[in-house]
Amino acid sequence: MLQNLHIKNIALIDELDISFEEGLNVLTGETGAGKSVIIGSIGIGLGGKFDKELLRDSEADGMVELTFGIDNENLKNRLKETDIDVSEDVIIISRRIKAGRTISRINDMTCTAAKLKEVAQILINLHAQHEQQTLLDPAKHLRIIDESDEGIRSAKERVSGAYHSYKGVHERILEMESKAESRLKELDYLEYEINEIEKAALKAGEDEELEEDYRRMQAAADIRDITGEVYQITGYDRGDSAGNGLSRACGRLKELEKYDGSDKASGLLEGLTSIDSLLSDFNRELSDYIQENEFEPQAMEETEKRLDVINSLKMKYGRTIEEILESLENFKKNRDELLDYDTTLQNLKSEEKKLQAELEKASDELTKLRKKSAGILSKNIEEALKKLNFSEVHFRTEMERLPEFGPSGRDKAVFMISTNVGEAEKPLNMVASGGELSRVMLAVKSCLSAADDTPTLVFDEIDVGISGITAGKVAEMMKELSSSRQILTITHLPQIASSADHNYVIEKNIENGKTHTSIRPIYGDERVSEIARILGGDKVTEAVLESAREMLCQSAEKML
């Protein structure tokens with residue numbers, strides 16, 4: 001549930017920190033006190049628009065932070081699927097606007113707005129005033145039905161998979177049919193491309209070897225000068241070369257044996273002989289290297305031409321030889337399809353027919369599930385509406401079959417309602433008034449609560465347009481809904497306020513010439529006074545206070 005809300009430097013709020021509790025949390029206050037700012041800030045924290053124009057002090061940072069407690073294993077598993085750490089049983093979502101840039105974090109880890117929204121929708125569901133209008137859009141009715149049954153999700157996934165498979169083959173057929181007239185021209189071009197690549201007889205890694213050879217050929221003169229000089233210095237051809245010097249030295253040391261037969265003298269000769277042998281080996285290797293780097297001008301020209309061919313192909317067909325060869329295989333495949341156009345097209349049409357049958361089967365199964373769920377949901381909504389003082393209401397879902405498939409099947413749903421005896425059922429958008437729409441929304445949410453395990457629901461003035469007995473019925477349903485999840489709601493109705501488990505008052509005060517919005521929990525006599533204010537407005541008499549006490553007592557008795 002939402003444990004804490006922290007807001008800083010937004011609208012009329014300098015800094016605000018408030019903790020919420022389980023059950024029904026009601027926010028009350030005078031019109032214009034800043035209730036919409038509180039709800040709007042929650043919306044910002046959930047990934048809503050966060051502009052610098054919202055800042056109270058344009059030179060300072062603005063911030064919204066939501067702290068959630070996680071004590072449900074199913075909820076933890078869903079969060080783990082989003083790669084969120086829930087080991088501490090706490091999720092902290094924060095959004096800060098700094099220097100015109102919005103920074104979103106989850107548990108102090110910076111994240112994208114998309115990731116924040118993905119996590120937030122698991123934890124909390126915000127129903128703003130404008131959302132009631134979504135009930136007037138029949139396109140949203142099917143989504144509500146789908147949300148009512150967990151089993152529909154897997155059926156929709158099957159339909160989506162079948163649809164995209166069918167769509168892919170269908171588009172290939174259209175593409176091939178559109179190319180029927182230009183097939184011969186395309187064949188000629190493919191043959192040209194295939195011949196050009198095949199004629200080059202490319203080998204993997206060939207370009208790297210050629211480039212290395214070409215670099216060495218370009219440097220052949222320098223290589224020849226360096227290696228020739230080294231060979232003369234270390235060889236045996238000149239009198240002053242190292243090889244000759246070592247040979248003469250070895251001859252002289254052999255003469256030493258006549259005068260000194262000690263191991264030390266023998267060791268000196270052995271060491272110098274070894275050096276002479278190493279230098280001789282070095283010179284042979286150097287001679288081989290010199291011969292390897294002797295290039296004919298024709299070889300360099302041929303290497304240059306070969307590299308030109310390869311680089312020309314790279315410009316057309318791929319950055320590497322491997323990519324060029326891959327392009328060659330694709331060209332051959334396209335050529336074979338065009339050469340065997342009729343067979344290929346027939347095979348694709350057979351596959352399309354098979355995939356269409358699979359799509360129709362998956363869609364029919366989805367339609368059956370939807371109709372069953374729509375029937376159950378409609379019945380439950382009708383019962384919920386009766387509890388909300390629609391005594392003669394009839395509610396049902398009219399399912400229609402669309403002419404074309406889509407990734408979600410081919411169903412259309414329209415909520416139909418009749419609120420008076422003798423009236424025919426009509427689409428919801430043609431019948432419901434503002435107050436009726438608020439109650440329908442509450443009925444829908446109460447019926448979806450079993451399928452939706454979101455722990456916190458926030459309602460922004462869902463009581464708009466209702467009063468009297470109906471207000472009491474709405475309060476009862478919200479109280480019932482709060483038994484299984486945390487509810488936060490703004491209200492102007494004493495019936496709902498008196499039913500709350502926790503009442504928070506939002507106030508607007510003037511300090512040091514500046515207006516400030518604040519929020520705090522109220523209890524006891526202060527809560528009685530707040531209920532009385534909602535009941536009586538400016539004139540709070542003793543009779544109004546007594547009515548407020550009575551309402552609170554009645555609400556308490558209902559909870560027993």
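A search of the whole structure, a predicted model, finds 34 salt bridges. Some of them link parts of the chain that are distant in sequence, such as helices α6 and α11. The briefing then turns to a helix contact and a mixed sheet of 6 strands.

**Salt bridge Arg533–Glu30**

- Arg533 and Glu30 form a salt bridge, and their closest N and O atoms are 3.6 Å apart.
- Arg533 sits in helix α18, residues 524-536.
- Glu30 sits in the loop between β3 (24-29) and α1 (35-45).
- The pair therefore ties together parts that are 503 residues apart in sequence.
- Arg533 is buried, at a relative accessible area of 18%, which is under the 20% limit for buried residues.
- Glu30 is partly exposed, with a relative accessible area of 46%.

**Salt bridge Glu196–Lys316**

- Glu196 pairs with Lys316 in a salt bridge, with 2.8 Å between the closest N and O atoms.
- This pair joins two helices: Glu196 belongs to α6 (residues 183-200) and Lys316 to α11 (residues 297-317).
- The two residues are 120 residues apart.
- Lys316 counts as partly exposed, at 44% relative accessibility.

**Salt bridge Arg370–Asp411 and its network**

- Arg370 forms a salt bridge with Asp411, and the closest N and O atoms are 2.9 Å apart.
- Here a helix is linked to a strand: Arg370 is in α13 (residues 341-387), and Asp411 is in β10 (residues 409-418).
- They are 41 residues apart.
- Arg370 is buried, with a relative accessible area of 0%.
- Asp411 is buried too, with a relative accessible area of 7%.
- A network of salt bridges links Arg370 and Asp411 with Asp146 and Lys156.

**Helices α4 and α13**

- Packed helices are described by the angle between their axes and the distance between the axes.
- For α4 (residues 138-147) and α13, the angle is about 90° and the axes are 9 Å apart.
- The two helices are therefore roughly perpendicular to each other.
- From α4, the contact involves Leu142, Ile144, Ile145 and Asp146.
- From α13, the contact involves Arg370, Ser373, Ala374 and Leu377.
- By class, this contact has 5 nonpolar, 1 polar and 2 charged residues.
- Asp146 and Arg370 are in this contact, and both are also in the salt-bridge network.

**The mixed sheet**

- An open sheet of 6 strands runs in the order β8-β12-β13-β3-β14-β15, with mixed pairing.
- β8 (124-127) and β15 (514-522) stand at the edges.
- Each edge strand has a single partner strand, so one side of each is left without a neighbour in the sheet.
- On average, neighbouring strands are turned by 15° against each other, direction ignored.
- β3 and β14 (residues 502-511) pair in the parallel sense over 5 bridges.
- Gly29 stands opposite Ile506 in β14.

**Strand β13 and its partners**

- Strand β13 covers residues 486-490, and 5 of its 5 residues are buried.
- Gln486, Leu488 and Ile490 are buried on one side of β13.
- Ile487 and Thr489 are buried on the other side, so that both faces are covered.
- β12 (residues 456-460) pairs with β13 in the parallel sense over 5 bridges.
- Val458 has Leu488 in β13 as its bridge partner.
- β3 also runs parallel to β13, joined by 4 bridges.
- Leu27 stands opposite Ile490 in β13.

How values were computed:
Residues are numbered from 1 along each chain as its sequence is written. This is a predicted model: local features need pLDDT of at least 70, side-chain atom pairs count only at pLDDT 80 or more; totals for chains, interfaces and linings use all residues. Side-chain values use heavy atoms; hydrogens and water are left out. A salt bridge is a side-chain nitrogen of Lys or Arg within 4 Å of a carboxyl oxygen of Asp or Glu. Buried means under 20% relative accessible area, exposed over 50%, partly exposed in between (1.4 Å probe, protein chains only). Axes are lines fitted to C-alpha atoms, for helices over the stretch in contact, and angles run from 0 to 180 degrees between N-to-C directions. Angles under 35 degrees count as roughly parallel, over 145 as roughly antiparallel, 65 to 115 as roughly perpendicular and the rest as oblique. Contact means heavy atoms within 4.5 Å. Ala, Val, Leu, Ile, Met, Phe, Trp, Tyr, Cys and Pro count as nonpolar, Asp, Glu, Lys and Arg as charged, and the others, Gly among them, as polar. Two strands pair if DSSP finds at least two bridges between them.
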